[in-house]
Amino acid sequence: MGTEKNTVAGIEEIPITDLIRSAIDARKKAYAPYSNYMVGAAVLTNELRIYTGCNIENAAYTPSICAERTAVSKAVSEGKRKFKAIAVAGSPKGETISQYAYPCGVCRQVLREFTDPDSFFVIVAKSETDYKVYLLKELLPESFGPENLF
């Protein structure tokens, strides 16, 4: 059920504060007129570059896109396809983030496409100091990935 901060091998090379800050900043740009649930995400590439995204809703619902997939799409469109970590900050509309926002199932599967679930960190945050860290394999056990197709 999540790992303690800074106790997982490899976590020390992740700029957690920068990732969380970037996710919180991205959340401010969310377009969520229907759910009023604003989410920001910041994904870290293997080259230590951060790409951000926010949720973008649509009146038809299906075309909506989550913050995590927006961040991944931005990175992939720039040629980055390997990621180390993602931070997610989300909560109902307002300045205060009152709960942890976890990636939905679709986002978990998209993250799986570009990561090693045994070493990819998912950070869910209320603030730069109040957060939980998971490995993707904890949030998407027994996952299906590209290697299953060969």
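**Close-up 1. Strand β3 and strand β4 run parallel and are joined by four bridges.** Strand β4 covers residues 121–125. Within this pair, A87 stands opposite I123 in β4. Between the two strands the chain passes through helix α3, residues 105–113, and the resulting β-α-β crossover is right-handed. The model shown here and in the other views is predicted.

**Close-up 2. Strand β1 and strand β3 pair in the antiparallel sense.** Strand β1 comprises residues 37–45, and nine bridges link this strand to β3. One position in the pairing is marked by Y37, which stands opposite P92 in β3. Strand β3 itself extends over residues 83–92 and is mostly covered, as nine of its ten residues are buried.

**Close-up 3. Helix α1 contributes the buried residue L19.** Residue L19 is found in helix α1, and its relative accessible area is 0%. Residues L19 and A42 lie 23 residues apart along the chain, yet a distance of 5.7 Å separates their C-alpha atoms.

**Close-up 4. A nonpolar patch on the surface is formed by Y31, Y34, I56 and Y61.** Together these residues have about 450 Å² of accessible area. One of them, Y31, is found in the loop between α1, residues 16–27, and β1. With a relative accessible area of 43%, Y31 is partly exposed.

**Close-up 5. The cysteines C104 and C107 do not form a disulfide.** In general, a disulfide is a covalent bond between the sulfur atoms of two cysteines. The cut-off applied for such a pair of sulfur atoms is within 2.5 Å. The closest cysteine sulfur to that of C104 belongs to C107, and because the distance is 3.7 Å, the two are too far apart for a bond. The reverse also holds: for C107, the closest cysteine sulfur is that of C104, at 3.7 Å. The structure as a whole holds zero disulfides. As for their surroundings, C104 is partly exposed, with a relative accessible area of 32%, whereas C107 counts as buried at 1% relative accessibility.

Conventions: Residues are numbered from 1 along each chain as its sequence is written. This is a predicted model: local features need pLDDT of at least 70, side-chain atom pairs count only at pLDDT 80 or more; totals for chains, interfaces and linings use all residues. Side-chain values use heavy atoms; hydrogens and water are left out. Buried means under 20% relative accessible area, exposed over 50%, partly exposed in between (1.4 Å probe, protein chains only). Two strands pair if DSSP finds at least two bridges between them. A crossover is right-handed if, with the strands pointing away from the viewer, the path from the first strand over the helix to the second runs clockwise. Patches are made of residues with over 30% relative accessible area and no salt bridge: like charges are joined within 9 Å, nonpolar side chains (Val, Leu, Ile, Met, Phe, Trp, Tyr) within 5 Å. Accessible areas come from the Shrake-Rupley method with a 1.4 Å probe; for residues, only the protein chains shown count as cover. A salt bridge is a side-chain nitrogen of Lys or Arg within 4 Å of a carboxyl oxygen of Asp or Glu.
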